[in-house]
Every structure is written in C-alpha cells, then in structure tokens.
Amino acid sequence: MSRQHERGEAANMANMAEEMYETEDTQKGKYLTFALDSEYYGIEIKHVTEIIGVQTITEVPEMPEYIRGIINLRGKIIPVMDVRLRFKKPFRAYNDRTCVIVVDIRDVSIGLIVDQVSEVLSIPDGEIVPPPELSNVMHSYITGIGKVGNEVKLLLDCDKLLHQEDSEQLASIG
C-alpha cells in the first residue's frame, strides 16, 4: 500500500470519527417532550429509537402492573411500560393521541406509553436545575427540571425508570 493511499485511508477514518462526534454533539441538550395529564416531561433524545402509535399489547403474567405487556414491532418483541402507572397515576384509556416512545434502557428496547408526544426541545445546561427534595420516589426518576420560557419540563433519567430486576426480566422476554 502506498503512503498516499495510507494517508487517504487515515483521512477518511478521521472524517468518519468527526462526523460521528458531530452527530452525538447535535443530540446534546435535546429532549423529546411528552405529556401526562397537564405535566410535561422530557427524555434525552439519544435514548429514543422511534415513536409509534399504540398497538395490540399482549399481557405477560407476573410482571409489575406498569409493564402492560409486549408488542411485536416489525418482528422484534418489545415490552411496553405505561408511564402513567409507573408514576402511580390513574390508568387512562388509550386514544389516538396516545403514543409509544421506543427507547433503549440498559441494552433493552422498551416502549414507554405516554398520553401524547409534544416536541423535541433544546434545553441548555444553564436552564436545567436540580429537582427539589420533596419526594424520594419521584426524585429518583427526575434528573433535573428544564426551564423553557415560562414552562418547566421534568427531565427523566431513563435508566431509573426500570428497576434492575425488571430490566433483567424484560431482557429475557425480548
């Protein structure tokens, strides 16, 4: 291999690495926001695989109440969690605005059922404050509170939505 060819290969690899870095960099500070009742939440866009409408859910025995079951997404079995139930809110019948946000949590793809998806927002680090020390349970899911104009978005920690045992149990299903 000639030196010129080697330099060309090295330049190509450097360009690809730079493009990958730029792609990750463009996701920094971006959150997919969604609603549960009148509360708005955000999850880092880097965790989101896709957004789909609610599909037929097959129940799986002996799962926590908030794990509604599994769906078949183009041949891949995905467990689905009702975020309302996870946050101990009352169940609400699904409608045409109800969405499933497919995310990757600890190498497990899982669908998060939410009332409706809002938008993707950029929230700079300077506009995110730590949550108040009110409730240890809710606090464990929330990494921060994003200030967007006069509104606030509760920013979720995807890793803490699932307990380790749930994650292992769900990994064995999919």
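Strand 6 and strand 7 form a hairpin, with 2 residues between them. In this predicted model, arginine 106 sits in that turn and has a positive phi of about 50 degrees. That is worth a pause at the screen, since most residues other than glycine have a negative phi. The two arms of the hairpin pair in the antiparallel sense over 7 bridges. To find your place along them, look for valine 102, which stands opposite glycine 111 in strand 7.

Now stay with strand 7 and turn to another partner. Strand 5 (residues 76-82) runs parallel to strand 7, and 3 bridges join the two. Glycine 111 is again a handy landmark here, as valine 80 stands opposite this residue of strand 7. Strands of a sheet can pair either way, parallel or antiparallel, through backbone hydrogen bonds, and strand 7 lets you see both: parallel with strand 5 and antiparallel with strand 6.

How many residues of strand 7 (residues 108-114) are buried? The count is 7 of its 7 residues. In a regular strand the side chains alternate between the two faces of the sheet. In strand 7 both faces are covered: one side carries Val108, Ile110, Leu112 and Val114, the other carries Ser109, Gly111 and Ile113, and all are buried.

Next, let us move to an open sheet. Six strands form it, in the order 8-1-2-11-10-9, with mixed pairing. Its edges are strand 8 (116-122) and strand 9 (128-129), each of which pairs on one side only. Within this sheet order, strand 10 (residues 142-148) and strand 11 (residues 151-156) run antiparallel and are joined by 6 bridges. If you would like a residue pair to follow, glycine 144 has leucine 155 in strand 11 as its bridge partner.

Two loops are left to visit, and each brings back the theme of positive phi. Aspartate 37 lies in the loop between strand 1 (30-36) and strand 2 (39-44). Although aspartate 37 is not a glycine, its phi is positive, about 55 degrees. Lysine 88, found in the loop between helix 2 (83-86) and strand 6 (99-105), is likewise a residue other than glycine with a positive phi, near 60 degrees.

Are these loop residues buried or exposed? Aspartate 37 has a relative accessible area of 40%, so it counts as partly exposed. Lysine 88 is exposed, because its relative accessible area is 69% and the cut-off for exposed is over 50%.

Note on methods
Residues numbered from 1 in each chain as written. Predicted model: local features only at pLDDT ≥ 70, side-chain atom pairs only at ≥ 80, totals over all residues. Heavy atoms only, no water. Helix = DSSP H or I, 4+ residues; strand = E, 2+ residues; numbered from the N terminus. Buried < 20%, exposed > 50% of the residue type's maximum accessible area, 1.4 Å probe, protein only. Pairing = 2+ DSSP bridges.
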